[in-house]
Amino acid sequence: MHGKEHLAQQAFRDILGATVSAAGGLNTDQFGTFAGDIPRTLSPRSAARAKARLGMQIAGTTLGLASEGSFSSGFGPLVENTEILLFIDKTLGLELVEGAVNISALPGGRRVDNADSALAFASAAGFPEQGVIVQSTNDNHLTVYKNFTQLSDLEETVDMLLTDQSTVTILPDYRAHKSPARAETIRRLSYQMARRLATPCSLCQAPGFGQVDIERGVPCSDCRSATALIAADLHGCGRCTHRTRIPRGQATADPQWCDYCNP
Ligand SMILES: [Zn+2]
Ligand SMILES: [Zn+2]
């Protein structure tokens with residue numbers, strides 16, 4: 001629905017000689033929307049898996065690719081974007097995930113009580129390349145307005161809603177075709193996934209050997225107790241049990257990261 005196949009095409013062609021195409025008529029909004037008009041009920045990984053499987057079913061392929069992004073603003077003004085890209089090979093029984101966590105440069109949603117604030121928000125977010133969404137609540141009923149292309153349309157909509165006594169909130173549109181920063185993250189993950197698929201398991205030769213986990217616990221330089229700092233990356237195969245541990249090379253952690261020395 002949002003042209004995400006274009007973000008994966010170059011990586012899959014350049015690295016794997018593979019073609020990425022979107023399954024026709026697939027409505028992924030059924031798994032939830034950023035605008036909040038359809039709630040998300042699945043975990044990001046489950047949602048990505050459901051999208052990939054549905055696409056494979058519609059297109060009649062044994063290979064599927066889907067992405068899922070989530071945005072949280074649990075840390076004051078900062079919005080954290082978690083993005084995952086999930087690949088399925090039904091024949092080999094593979095399900096591979098590449099992920100990224102970024103602090104979004106976009107402001108979180110905010111309530112506005114005049115059209116000028118909405119226009120200032122949109123301009124600061126990078127409108128029109130970066131889209132915005134307007135949510136209005138009236139009598140506990142949420143209505144969502146999106147796909148603005150002109151500031152004048154946005155102004156008109158906000159004015160109309162405020163005249164209507166609605167509560168109006170404006171927020172960035174995180175859909176990939178409306179968010180250049182998110183599109184870039186998905187493009188980067190597509191390269192990571194293509195490179196991973198080009199990496200076979202040294203034991204069973206299945207494609208997709210790569211990072212499956214991390215190991216925390218770099219020892220504190222003062223008291224030697226394990227800190228939460230990442231000590232090693234764990235790589236694994238999606239088909240057999242082969243695993244490798246790649247130390248990050250940090251022998252000790254500064255006591256500022258230690259729960260005992262710096263509680
Ligand atoms: Zn310590
Ligand atoms: Zn293997």
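## Charge and surface

In this predicted model, the chain carries 24 positive and 27 negative side chains. The centres of the two sets lie 11 Å apart. The chain exposes about 14100 Å². Carbon and sulfur atoms supply 50% of that area.

## Overall build

The chain has 263 residues, and 38% of them are buried. Its secondary structure comprises 5 helices and 10 strands. Along the principal axes, the C-alpha atoms fill a box of roughly 65 × 55 × 30 Å.

Contacts across the sequence can be put in numbers too. Take the contacts in the chain with a separation of 6 or more. Residues 24 or more positions apart account for 57% of them.

## Zinc ion, ligand 2

Four cysteines coordinate the zinc ion (ligand 2): Cys-201, Cys-204, Cys-237 and Cys-240. Each uses its SG atom, at 2.3 Å. In sequence, these donor residues follow the spacing C-x2-C-x32-C-x2-C. The 4 donor atoms subtend angles of 103 to 116°. The arrangement is tetrahedral because all angles lie between 85 and 135 degrees. For reference, the ideal angle for four tetrahedral donors is 109.5 degrees.

Two of the donors can be set side by side for exposure. Cys-201 has a relative accessible area of 0%, so this residue is buried. Cys-204 stands at 23% relative accessibility and counts as partly exposed. The cut-off for buried is under 20%, which means that Cys-204 misses it.

## Zinc ion, ligand 1

The zinc ion (ligand 1) also has cysteine donors: Cys-220, Cys-223, Cys-258 and Cys-261. Their SG atoms lie 2.2 to 2.4 Å from the ion. The angles among the 4 donor atoms run from 101 to 113°, and the site is tetrahedral. The donor spacing in sequence is C-x2-C-x34-C-x2-C.

Cys-223 lies in the loop between strand 8 (210–216) and strand 9 (230–236). Cys-261 lies in the segment after strand 10 (243–247). The pair therefore ties together parts that are 38 residues apart in sequence. Cys-223 is partly exposed, with a relative accessible area of 34%. Cys-261 is partly exposed as well, at 35% relative accessibility.

## Gln-135 in strand 5

Gln-135 sits in strand 5, which covers residues 132–138. Its relative accessibility is 17%. That is under 20%, so Gln-135 counts as buried.

Neighbours within four places in sequence are left aside here. Beyond them, Gln-135 is in contact with Ala-35 and Gly-36. Gln-135 also contacts Leu-142, Thr-143 and Val-144. Thr-167, Val-168, Thr-169 and Leu-171 complete the list.

## Val-112 in strand 4

Val-112 belongs to strand 4, residues 110–112. At 4% relative accessibility, Val-112 is buried. Residues up to four places away in sequence are not counted in its contacts. Val-112 then touches Ser-117, Ala-118, Val-158, Leu-162, Val-168 and Ile-170. Val-168 appears in the contacts of Gln-135 and in those of Val-112.

One backbone distance adds to the picture. Val-112 and Pro-128 are 16 residues apart along the chain. Their C-alpha atoms are separated by 19 Å.

Technical notes:
Residues numbered from 1 in each chain as written. Chains lettered and ligands numbered in written order. Predicted model: local features only at pLDDT ≥ 70, side-chain atom pairs only at ≥ 80, totals over all residues. Heavy atoms only, no water. Donors = N, O, S within 2.8 Å, 3.2 Å for Na, K, Ca; no water. Tetrahedral: all angles 85-135°; square planar, octahedral: opposite > 155°, others 65-115°. Buried < 20%, exposed > 50% of the residue type's maximum accessible area, 1.4 Å probe, protein only. Helix = DSSP H or I, 4+ residues; strand = E, 2+ residues; numbered from the N terminus. Contact = heavy atoms within 4.5 Å. Areas by Shrake-Rupley, 256 points an atom, 1.4 Å probe, with all protein chains shown as cover. Lys, Arg positive; Asp, Glu negative; His and termini not counted. Charge placed at Lys NZ, Arg CZ, Asp CG, Glu CD.
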